[in-house]
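Please open the model in your viewer and keep the selection tool at hand. The tour moves from one selection to the next, and each stop says what to look for there.

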Amino acid sequence: GGILNSIEYGFTLTEYIGNKLNLGFGFIVFLEGLVYTIPLAYVIHKYSKNPYMSFILFICFDYFLFSMSGIRQTFAIGFCLISFEFIQKNKPFWFVVFVLIASSFHITSLCFLPAYFLKSFKINKVNIILIAFIGIMFFIFREPIFSFVRQFARMDYGDRETGGLGMYLFYCFLALVGIYT
C-alpha cells in the first residue's frame, strides 16, 4: 500500500491529508459530496430544459445512491462534470486539466477525453440509431474488448456482471421512444 504505490494519486492524497489532519472518513465523504453535487447541480441547472425532472431521474435511476458508495468514481465524475463546462467554453487546456484531475481519482476518467470532440456532434434519429448500434456491438463483443483494454491497465480488473445490460437496454428503449414521439 501507501501513497507511492497507488495509480490514483488524487484519491490517495485526499485520504492522506484527511488522515494527517485527523478528519476521519467523514471528511472524504463530505468532500466527495461537494466535488460531485455542486458541479452536477450547476450542469443540470444550466443545461436541462426541465431541471426538476433531471433531479428526479438522477435520484430514481440510483445515481444518487451510487454517489454514496462509489467514492473514487464519484470524485472523478465530479471533476469530469467541471471539465464539461470547458467543452462548452472551447477551452481545451482546462478541459484536459480537469479530466486529468479526475483520472487521479479514477483512471477510467481518461475515457472522457474524446468528449471534447463530440461538441459538434448533431443529435438526430440517424445518429442515435448509430450510437445504439455501436453500443450493442460493444456489448456483444465486450469480453474481447475488455480483455484487450485490460492488458494496458496497471490494476487487475476482474470480469463481473453488474446488471448494467438491463439499464442499458432501458436507456436505448427510452432514446428510441424519444426519437419517435
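Begin by selecting α2 in this predicted model, a helix of 24 residues whose first and last C-alpha atoms lie 35 Å apart. That reach is close to the 34 Å expected at 1.5 Å a residue.

Keeping α2 on screen, colour its buried residues, which are I28, E32, V35, Y36, P39, L40, V43 and I44. What covers these buried residues of α2? If you show α1, α3 (51-60), α4 (63-67) and α5 as well, you will have elements that are included in that cover.

Next, select L81, which you will find in helix α5. Is L81 buried or exposed? Its relative accessible area is 18%, and because residues under 20% count as buried, L81 is buried. Leaving aside residues up to four places away in sequence, L81 touches Y36, P39, L40 and V43, and each of these four also appears among the buried residues of α2. If you now add Y42 and draw a distance between the two C-alpha atoms, L81 and Y42 should come out 9.0 Å apart in space, although 39 residues separate them in sequence.

Now turn to two loops. Select N22, in the loop between α1 (9-20) and α2 (24-47), and look at its backbone, where phi is positive at about 55° although N22 is not a glycine. With a relative accessible area of 72%, N22 is exposed.

For the second loop, select N90, which sits between α5 and α6 (92-103). Here too there is a positive phi in a residue other than glycine, with a value near 55°. How accessible is N90? Its relative accessibility is 49%, and N90 therefore counts as partly exposed.

Move on to α7, a helix of 16 residues that should span 22 Å at 1.5 Å a residue, and whose end C-alpha atoms are indeed 22 Å apart. The buried residues of α7 are N127, A132 and G135. Why do they lie on the same side of α7? They cover an arc of only 140° around the axis, and this puts them on the same side of the helix.

Leave α7 visible and look for the second largest pocket, which holds about 290 Å³ of space. The elements that give two or more residues to its lining are α5 (71-88) and α7 (125-140). To show the lining, select F84, I87, Q88, F112, A115, L118, K119, F121, I123, N127, I128 and I131. As you colour these residues by type, you should find that the lining divides into 9 nonpolar, 2 polar and 1 charged. N127 deserves a second look, as a residue that belongs to this lining and is also one of the buried residues of α7.

Finally, clear the selections and show the whole protein as a cartoon. How many helices and strands are there? The protein has 9 helices and 0 strands, and from the N terminus on its elements run α-α-α-α-α-α-α-α-α. If you colour by burial across the 181 residues, 26% of them are buried. Among contacts with a separation of 6 or more, 61% are between residues 24 or more positions apart.

How values were computed:
Residues numbered from 1 in each chain as written. Predicted model: local features only at pLDDT ≥ 70, side-chain atom pairs only at ≥ 80, totals over all residues. Heavy atoms only, no water. 1 Å grid on protein atoms, 1.4 Å probe; cavity = no way out; pocket = protein on both sides within 12 Å on 5 of 7 lines; lining within 4 Å. Points joined across faces, edges and corners; volume = space filled by probe spheres on them. Nonpolar A, V, L, I, M, F, W, Y, C, P; charged D, E, K, R; others polar. Buried < 20%, exposed > 50% of the residue type's maximum accessible area, 1.4 Å probe, protein only. Contact = heavy atoms within 4.5 Å. Expected span 1.5 Å × (residues − 1). Arc of directions from axis to C-beta.
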